[in-house]
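Dear colleague,

I am handing over the structure below, and I would be glad if you looked through it with the notes that follow. They take up burial, charged pairs, one sheet and a surface patch in turn.

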Amino acid sequence: IYGIELAANQRLNFLGSSFLENFTIYANYTYTKSEFKVDDREVPLGFSPENILNIALMYDNSDIGLSFVISNNFRDDILIAIGSDKYSDVYYKNEYHLDLSINQRITDQFKIFLQLNNLTDQFENESFGDPAESFSKWTQWAKFGPYGSLGVSFKL
């Protein structure tokens, strides 16, 4: 197993624009190479995607009590079960999600929030064989659609 993780977090107030002073950009990339031997073949370590990328735009203004995050998340294919050969190994295909979270302070005790997930309407795809190979075959897929929650928070 080996890999590298890189992360950057930069507030945009250095640009000299009053509009951008409350914005922050965050990015994280992880590369992992993990293999082990099963019988006479090399397979990736289960639930260990080779590439993961997260990019977020954040806004936080304590003066008006508003904060939000727009988050982009990508994950490579992952092995979830080892079969008797490369044709029967089970994988989840790569996924990309776009999520949004908004918080608004109304008073020091009262806040409202909105969380929206899977705005890209990504479906989950399971296949026999590595999805990057032409021999892979879908076994099942599920589509959950976008979902979210809206709520209030009150602190005594």
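A residue is called buried here if its relative accessible area is under 20%, exposed if that area is over 50%, and partly exposed in between. Please keep in mind that this is a predicted model. By that cut-off Glu 95 is buried, because its relative accessible area is 12%, and Arg 75 is buried as well, with a value of 17%.

These two residues form a salt bridge with each other, in which the closest N and O atoms are 3.2 Å apart. Since Arg 75 belongs to strand E6 (residues 66–75) and Glu 95 to strand E9 (residues 95–105), the pair ties together parts of the chain that lie 20 residues apart in sequence.

The structure holds five salt bridges, and some of them share partners, joining Lys 33, Glu 35 and Glu 50 into one network. Within this network, Lys 33 forms a salt bridge with Glu 35, the closest N and O atoms being 3.7 Å apart, and the side chain of Lys 33 also meets that of Glu 50, at 3.7 Å from N to O. The second of these pairs links distant parts of the chain, as Glu 50 sits in the loop between E4 and E5 while Lys 33 is in strand E2 (residues 23–33), 17 residues apart. The members of the network count as partly exposed: Lys 33 has a relative accessibility of 25%, Glu 35 one of 46%, and Glu 50 one of 32%.

Turning to the strands, there is an open sheet of four, in the order E7-E8-E11-E12, with antiparallel pairing. Strand E7 (78–81) and strand E12 (137–143) stand at its edges and have a single partner strand each, so one side of each is left without a neighbour in the sheet. On average, and with direction ignored, neighbouring strands of this sheet are turned by 30 degrees against each other. E7 is joined to strand E8 (residues 90–92) by three bridges, the two running antiparallel, and Ala 81 stands opposite Val 90 in E8.

Lastly, a nonpolar patch on the surface is formed by Ile 1, Phe 36, Leu 45 and Ile 82, which together have about 370 Å² of accessible area. One of them, Leu 45, lies in the loop between strand E4 (41–44) and strand E5 (51–61), and Leu 45 is partly exposed because its relative accessible area is 34%.

With best wishes

How values were computed. Residues are numbered from 1 along each chain as its sequence is written. This is a predicted model: local features need pLDDT of at least 70, side-chain atom pairs count only at pLDDT 80 or more; totals for chains, interfaces and linings use all residues. Side-chain values use heavy atoms; hydrogens and water are left out. Two strands pair if DSSP finds at least two bridges between them. Axes are lines fitted to C-alpha atoms, for helices over the stretch in contact, and angles run from 0 to 180 degrees between N-to-C directions. Patches are made of residues with over 30% relative accessible area and no salt bridge: like charges are joined within 9 Å, nonpolar side chains (Val, Leu, Ile, Met, Phe, Trp, Tyr) within 5 Å. Accessible areas come from the Shrake-Rupley method with a 1.4 Å probe; for residues, only the protein chains shown count as cover. A salt bridge is a side-chain nitrogen of Lys or Arg within 4 Å of a carboxyl oxygen of Asp or Glu. Buried means under 20% relative accessible area, exposed over 50%, partly exposed in between (1.4 Å probe, protein chains only).
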